[in-house]
Amino acid sequence: PSFSLLLFLQVTHLVIERPQFFHYKPGDYVYLNIPAIATYEWHPFTISSAPEQQETLWLHIRSLGQWTNKLYEYFQQLEPSSPEPKPLSRS
């Protein structure tokens with residue numbers, strides 16, 4: 001399961017279940033696709049969690065452009081009054 005948490009300054013904190021054999025080093029990045037925002041667009045984001053964190057990957061995404069603004073708005077409309085993060089569906 002994955003979830004998002006909206007932070008101050010229009011930052012979306014995505015928490016993604018880490019695949020069992022997924023290894024990375026500080027500074028590595030992943031390409032993210034969210035079909036609800038743009039079906040065929042993939043965007044690179046630096047992994048912000050520590051590699052020692054075994055169960056999840058963290059991404060902190062600042063709203064700076066059209067796609068990242070849509071990402072923030074997407075999760076904002078899903079959780080307008082709830083402080084609890086909502087799970088993301090897997091595709």
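**Notebook: loops, helix and aromatic rings**

Gln 10 was my starting point, and at 38% relative accessibility I have to enter this residue as partly exposed. The model I am reading is a predicted one, and I keep that in mind for every value noted below. I located Gln 10 in the loop that runs between strand 1 (2-7) and strand 2. Its backbone caught my attention, since phi of Gln 10 is near 55°, a positive value in a residue other than glycine. For background I noted that most residues other than glycine have a negative phi.

**Overall layout**

I then went through the secondary structure of the protein chain and found one helix and six strands. Following the sequence, I wrote the pattern down as β-β-β-β-β-α-β. The protein chain has 91 residues, of which 31% count as buried. For the accessible surface of the protein chain I have about 6,400 Å², with 57% of that belonging to carbon and sulfur atoms. I also looked up how the contacts spread along the sequence: among those in the protein chain with a separation of 6 or more, 55% are accounted for by residues 24 or more positions apart.

**Asp 28**

Which backbone nitrogen does the side chain of Asp 28 reach? I found that it is the one of Lys 25, at 2.8 Å. Asp 28 sits in the loop between strand 2 (11-17) and strand 3, and I list this residue as partly exposed because its relative accessibility is 25%. Once I leave aside the neighbours within four places in sequence, Asp 28 is in contact with Thr 46 and Ile 47. For Ile 47 I also noted the C-alpha to C-alpha distance to Asp 28, which is 6.1 Å in space for two residues that are 19 apart in sequence.

**Aromatic rings**

How many aromatic pairs does a search of the whole structure find? I recorded four of them. I looked at Tyr 29 and Tyr 31 in detail: the ring centres are 5.8 Å apart and the planes stand at 75°, so I entered the pair as edge-to-face, the cut-off for that label being over 60 degrees. Tyr 29 belongs to strand 3 (residues 29-32). Together with Trp 42, Tyr 29 and Tyr 31 form a nonpolar patch on the surface, for which I noted about 410 Å² of accessible area in total.

**Helix 1: Thr 68 and Tyr 72**

I turned next to helix 1 (residues 66-78), where Thr 68 has its place. Is Thr 68 buried or exposed? With a relative accessibility of 12%, I have to count Thr 68 as buried, given that the label applies under 20%. The side chain of Thr 68 reaches the backbone nitrogen of Gly 65 at 2.9 Å. Not counting residues up to four places away in sequence, I found Thr 68 touching Phe 45, Ile 61, Arg 62 and Ser 63.

Tyr 72 is found in helix 1 as well, and I noted a relative accessible area of 10%, so Tyr 72 is buried. My last entry concerns Tyr 72 and His 13, which are 59 residues apart in sequence, while their C-alpha atoms are 9.4 Å apart in space.

Note on methods:
Residues numbered from 1 in each chain as written. Predicted model: local features only at pLDDT ≥ 70, side-chain atom pairs only at ≥ 80, totals over all residues. Heavy atoms only, no water. Phe/Tyr/Trp six-rings, centres within 6.5 Å; stacked < 30°, edge-to-face > 60°. Patch = residues over 30% accessible without salt bridge, like charges linked within 9 Å, V, L, I, M, F, W, Y side chains within 5 Å. Areas by Shrake-Rupley, 256 points an atom, 1.4 Å probe, with all protein chains shown as cover. Salt bridge = Lys/Arg side-chain N within 4 Å of Asp/Glu carboxyl O. Helix = DSSP H or I, 4+ residues; strand = E, 2+ residues; numbered from the N terminus. Buried < 20%, exposed > 50% of the residue type's maximum accessible area, 1.4 Å probe, protein only. Polar contact = N/O pair within 3.5 Å; in protein donor to acceptor, adjacent residues only side chain to side chain. Contact = heavy atoms within 4.5 Å.
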